[in-house]
Amino acid sequence: MKPPVYRWLFLFSALPIRFFSSAKPIFTKMSYQVNQHGFYGPYGGAYVPEVLYPNIEELQQHYQHILRSERFQKEYETLLSQFVARPTPLYEARRLSEEIGARIFLKREDVCHTGSHKLNNTLGQVLLAKQLGKRKIIAETGAGSHGVATATVCALLNLECCVYMGEVDMQRQYPNVERMRLLGATVIPATSGSKTLKDAVNEAFRAWINEPEDTFYVIGSVFGPHPYPDMVASLQSVISKELREQVPAITGQQLPDYVVACVGGGSNAIGSFYHFLDEPSVQLIAAEAAGKGIETDYSAAATFLGKQGILHGTQTLFMQTPDGQVKEAHSVSAGLDYPGIGPQLAYLHHQKRAQFVAVTDKDALDAALLLSKIEGIIPALESAHAIAALRQLSLAPAQVVVVCLSGRGDKDLETYINYRSTQNTL
Amino acid sequence: MKTSNRLVTTFQSKPSLLSLYITAGFPKLPDTAVLLKELQKANIDFVEVGLPFSDSLMDGPTIQHSHQVALENGMTLEVLMEQLDSVRSEISYPLVLMGALNPIVQFGVERFCERCHQVGIDGVLIPDLTLSEYQKNFKTLYQKYHLAPIFMVTPRTSEARLLEIDAEGSGFLYVMSSSSTTGAANKTLSDSKAYLERIQALPLRNPKAIGFNISTREEVEFAHRYGQGAIVGSAFIRKLQQTDASKAVEDFVKELRLN
């Protein structure tokens with residue numbers, strides 16, 4: 001632990017990105033943030049083929065400057081409030097609190113336009129791409145939330161949009177495919193490998209390699225080569241930025257005892273943790289998808305089953321064979337069906353700053369049905385993992401627990417209907 | 001580098017060189033050795049052996065598919081090293097090992113370099129190993145085990161960076177004729193003329209081998225106008241899907257060469 005003086009020095013020496021020009025002091029101290037070489041401890045970096053070097057270099061050189069510029073901030077803030085519908089509420093879930101035995105507060109990212117936190121990121125990246133003079137946007141998507149959020153901003157800002165999506169995911173999230181098409185985007189199936197998120201990322205990278213000139217790759221989570229993990233974290237940090245004001249106002253407590261979020265790549269988790277990273281009293285809980293169980297071959301729990309290596313341009317934890325081939329992940333939730341996690345989350349795991357728990361498909365589904373029934377909120381399957389994780393914590397009734405409800409469940413309706421028909425109890 | 005690396009001597013000995021890419025363990029696991037021996041008979045100048053990877057970003061569908069088949073056949077870096085060890089005494093041309101960074105890191109970088117040296121690999125090309133990462137973690141090991149670092153340059157590489165890469169590389173400089181994944185159908189070599197002319201005018205230390213979008217004799221000849229080497233990848237993998245190994249080599253090398 002660094003002595004406090006050093007931590008304040010960091011505040012001045014490093015470059016915290018400031019959104020919302022406000023008179024209040026910025027909360028971020030930089031202890032868990034990216035260093036000047038693009039690393040978080042042993043994780044991170046930018047391992048890209050030479051053909052993408054100019055793109056990554058351009059982004060590395062400009063992203064901080066653009067994100068902090070007045071022009072960007074003004075446009076971003078205006079659209080966050082008028083288009084995305086921010087700030088999102090912090091809601092005290094009383095019946096869930098009773099059920100769990102602690103004071104549970106839901107950060108309602110599900111009420112964002114397009115139904116998830118994804119728009120916070122795509123809005124920022126597409127505005128940035130525009131400032132860099134790019135004409136075409138490509139993106140990968142798992143559950144379709146990031147694809148829809150990207151297509152939405154491209155429609156808003158009049159840019160060509162091409163979304164890569166695993167063929168399996170296109171089937172299990174078909175309404176989102178049609179949403180993207182309605183919004184004017186082209187959806188291209190990824191037919192290689194497991195035909196899910198990992199393969200969609202591969203295809204998006206390959207498309208970028210084939211058309212690097214005026215194309216911008218909008219990555220949907222806190223992974224990929226530096227500066228993507230930092231850039232996406234900065235854009236999603238609006239979640240915890242709002243929480244820093246909402247928690248004292250609504251809970252009566254200055255800081256929450258826990259912040260809980262689900263982790264696929266980890267963008268809603270990093271966004272929820274960001275402004276609490278340097279508050280050691282706040283316990284950070286990351287819920288990974290255990291799939292059918294971490295003891296089975298059908299899981300996506302990267303911190304439990306993963307090993308350090310290089311995937312999609314970054315050094316991080318991911319599931320792989322002993323000879324370094326990437327393993328296929330499994331989760332009932334397409335958005336968490338990815339074999340790795342972002343490098344900053346790997347670092348939080350490494351430093352034991354965040355506690356990782358694994359939630360099975362079944363527990364997530366049960367949590368989704370429970371939340372629907374007792375709170376009137378149908379959560380996304382991804383977010384249901386965070387709800388289910390609450391049962392794995394030993395909580396006291398007076399403790400304040402913030403759960404990031406990253407998205408709404410419309411896209412998962414069919415899964416819920418099918419699951420419910422197999423249950424007699426609910 | 002003190003050793004006379006086979007790549008260096010090969011590039012010193014002939015004006016125009018032809019190289020083929022094979023995926024290790026494709027179409028069948030033992031075909032690595034079969035193909036390398038056939039390529040010796042066909043008088044190939046040097047060969048790139050690709051270590052398959054589950055998520056190769058640089059490759060288009062043809063080579064991706066060959067990687068998938070090779071992995072299903074049981075190809076690993078360990079197996080490949082054994083195969084090369086057993087066949088090396090029967091082939092005299094230089095070998096370049098090409099592969100993604102992660103399997104090499106998991107194998108252990110020093111152990112990898114040592115094994116490469118033992119089995120007679122002359123150069124190593126790792127597309128996602130950036131120049132700075134090479135300098136930090138690979139350079140001294142490559143030197144210790146006499147491996148030539150092969151780097152790719154692309155039409156988008158700035159002149160300053162190109163010279164920097166040229167200064168670090170040895171053996172040859174891999175000139176990608178276009179910004180693309182391997183086997184891209186929508187690009188043609190002749191479109192790269194201006195770029196290749198630009199590279200030709202630069203004072204480079206290393207000889208050049210041109211790859212990507214080369215599949216016919218005409219394209220090999222075109223490439224030879226701008227670089228000493230011409231590398232054919234996807235077109236040969238496609239051929240291997242159609243014909244058995246020995247016939248594929250014989251036919252294809254004949255097809256690509258005037259004599």
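This report describes chain B of a predicted model, its contact with chain A, and three of its residues.

Local features need pLDDT of at least 70 and side-chain atom pairs count only at pLDDT 80 or more, whereas totals for chains, interfaces and linings use all residues. Residues are numbered from 1 along each chain as its sequence is written, and chains are lettered from A and ligands numbered from 1 in the order in which they are written.

**Overall fold of chain B**

Chain B contains 13 helices and 9 strands; helices (H or I, at least four residues) and strands (E, at least two) are DSSP runs, numbered from the N terminus. Its C-alpha atoms fill a box of roughly 45 × 40 × 35 Å along the principal axes. The radius of gyration of chain B is 17 Å, which agrees with the value near 18 Å for a compact globule of 259 residues; this radius is taken over C-alpha atoms, and the globule rule is 2.2 Å times the number of residues to the power 0.38. Of the 259 residues, 54% count as buried, a term that requires 20 or more other C-beta atoms within 10 Å of the residue's own, with C-beta atoms placed from the backbone. Two residues are in contact if their C-beta atoms, placed from the backbone, lie within 7 Å. Among contacts in chain B between residues at least 6 apart in sequence, 76% join residues at least 24 apart.

**Contact with chain A**

In chain B, 30 residues are in contact with 23 residues of chain A. On the chain B side, α3 (61-72), α4 (77-87), α5 (101-107) and β6 (151-153) each supply at least two residues, and α5(B) gives the most, with 6 residues.

**Three residues in detail**

UniProt, in an unreviewed entry, places the feature "active site" at B:Glu48 and B:Asp59; such annotations may be inferred rather than shown by experiment. B:Glu48 lies in strand β2 (residues 46-50), and B:Asp59 in the loop between β2 and α3. B:Val220 belongs to helix α11 (residues 217-226). The table gives their neighbour counts.

| Residue | C-beta neighbours within 10 Å | Class |
|---|---|---|
| B:Glu48 | 23 other C-beta atoms | buried |
| B:Asp59 | 28 C-beta neighbours | buried |
| B:Val220 | 22 C-beta neighbours | buried |

Leaving aside neighbours within four places in sequence, B:Glu48 is in contact with B:Ser19, B:Tyr21, B:Val96, B:Met98 and B:Ile231. With the same exclusion, B:Asp59 touches B:Gln64, B:His67, B:Thr181 and B:Thr182, while B:Val220 contacts B:Leu18, B:Ile214, B:Ala230 and B:Leu256. B:Val220 and B:Val232 are 12 residues apart in sequence and 8.3 Å apart in space, C-alpha to C-alpha.

How values were computed:
Buried ≥ 20, exposed ≤ 12 C-beta atoms within 10 Å, placed from the backbone.
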